[in-house]
Amino acid sequence: MGYLADIYIIKKTRSKKIVIDFLNHFLPNRKENGEEYWIPEYSDNPTYEFDNANDLMSFLEINKNYSNRIYWKNTDERNPNKHGMIFYLKDGTTIFGISRNADMSGNMNTANEDQCLIEMKKYFNTNLGYIHYENPPVDNYQEFLDIVNKLEK
C-alpha cells in the first residue's frame, strides 16, 4: 500500500454550492465514506445526527460555529485524485482537500501532488494551500496561514 499526499486549500466560506462544485470538478465519481454524522463529531451524546453528507453540509452552511469533516472515495480508477475531503472549522472557514498517491521512494518526485496543489490554487484563485503526507489539516484559519507562511520561507 502506498502513501497519500494530502493537498489542502482553505477558504472563508461555508457555501454548500462551492463544496459541491469543488467535488464535481476534482472528484466527479465519488462515494461518501460515512454513513452517519454527529454534532459534536464523535460524541457519545450528539446534539444533531445526520445520515448523509448532503444534509450535514446544509446544516453546517448555516451553523458556522460547528466543526465536522466529510470524506469521499473516488470510484474512477483513472482519476489521480483518490479521496476528497471537506473540513468545516469552528471559525467558520472550510478546508478543501484532495488525496493523491505520493512517491515516498526518496526520489523527491512530488510532481503528482505539486500539480494538484497548483490546480486547486488556480481553481479557488488563492495562494493559501499546502501539501501534507498522511496528516489531517489544522483546526483553524490562523494555524493554516502559519503553515503556509513557514513553507514559503
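Helix α1 (residues 16-26) and helix α2 (residues 53-62) cross at roughly 140°, and their axes come within 9 Å. This is a predicted model. Two packed helices are described by the angle between their axes and the distance between the axes. An angle over 145 degrees would count as roughly antiparallel. α1 and α2 are therefore oblique to each other.

Which residues make the contact between α1 and α2? From α1 come Lys16, Val19 and Ile20. They meet Asn54, Met57, Ser58 and Glu61 in α2. By character, the residues of this contact divide into three nonpolar, two polar and two charged.

Now the sheet. Six strands form an open sheet, and their pairing is antiparallel. The order runs β2-β5-β6-β7-β1-β8. β2 (30-32) and β8 (129-133) stand at the edges. Each has a single partner strand, so one side of each is left without a neighbour in the sheet. Neighbouring strands are turned by 25° against each other on average, direction ignored.

Strands of a sheet pair through backbone hydrogen bonds, either parallel or antiparallel. Strand β1 (residues 3-11) pairs with β8 in the antiparallel sense, over five bridges. Isoleucine 9 stands opposite glycine 129 in β8.

Helices also pack on this sheet. α1 touches β2, β5 (68-74), β6 (81-88) and β7 (94-102). The direction of α1 makes about 15° with that of β7. Helix α4 (residues 141-152) packs on the sheet as well, touching β1, β7 and β8. The direction of α4 makes about 85° with that of β8.

Conventions:
Residues numbered from 1 in each chain as written. Predicted model: local features only at pLDDT ≥ 70, side-chain atom pairs only at ≥ 80, totals over all residues. Heavy atoms only, no water. Axes fitted to C-alpha atoms, helices over the stretch in contact; angles between N-to-C directions. Helix = DSSP H or I, 4+ residues; strand = E, 2+ residues; numbered from the N terminus. Parallel < 35°, antiparallel > 145°, perpendicular 65-115°, else oblique. Contact = heavy atoms within 4.5 Å. Nonpolar A, V, L, I, M, F, W, Y, C, P; charged D, E, K, R; others polar. Pairing = 2+ DSSP bridges.
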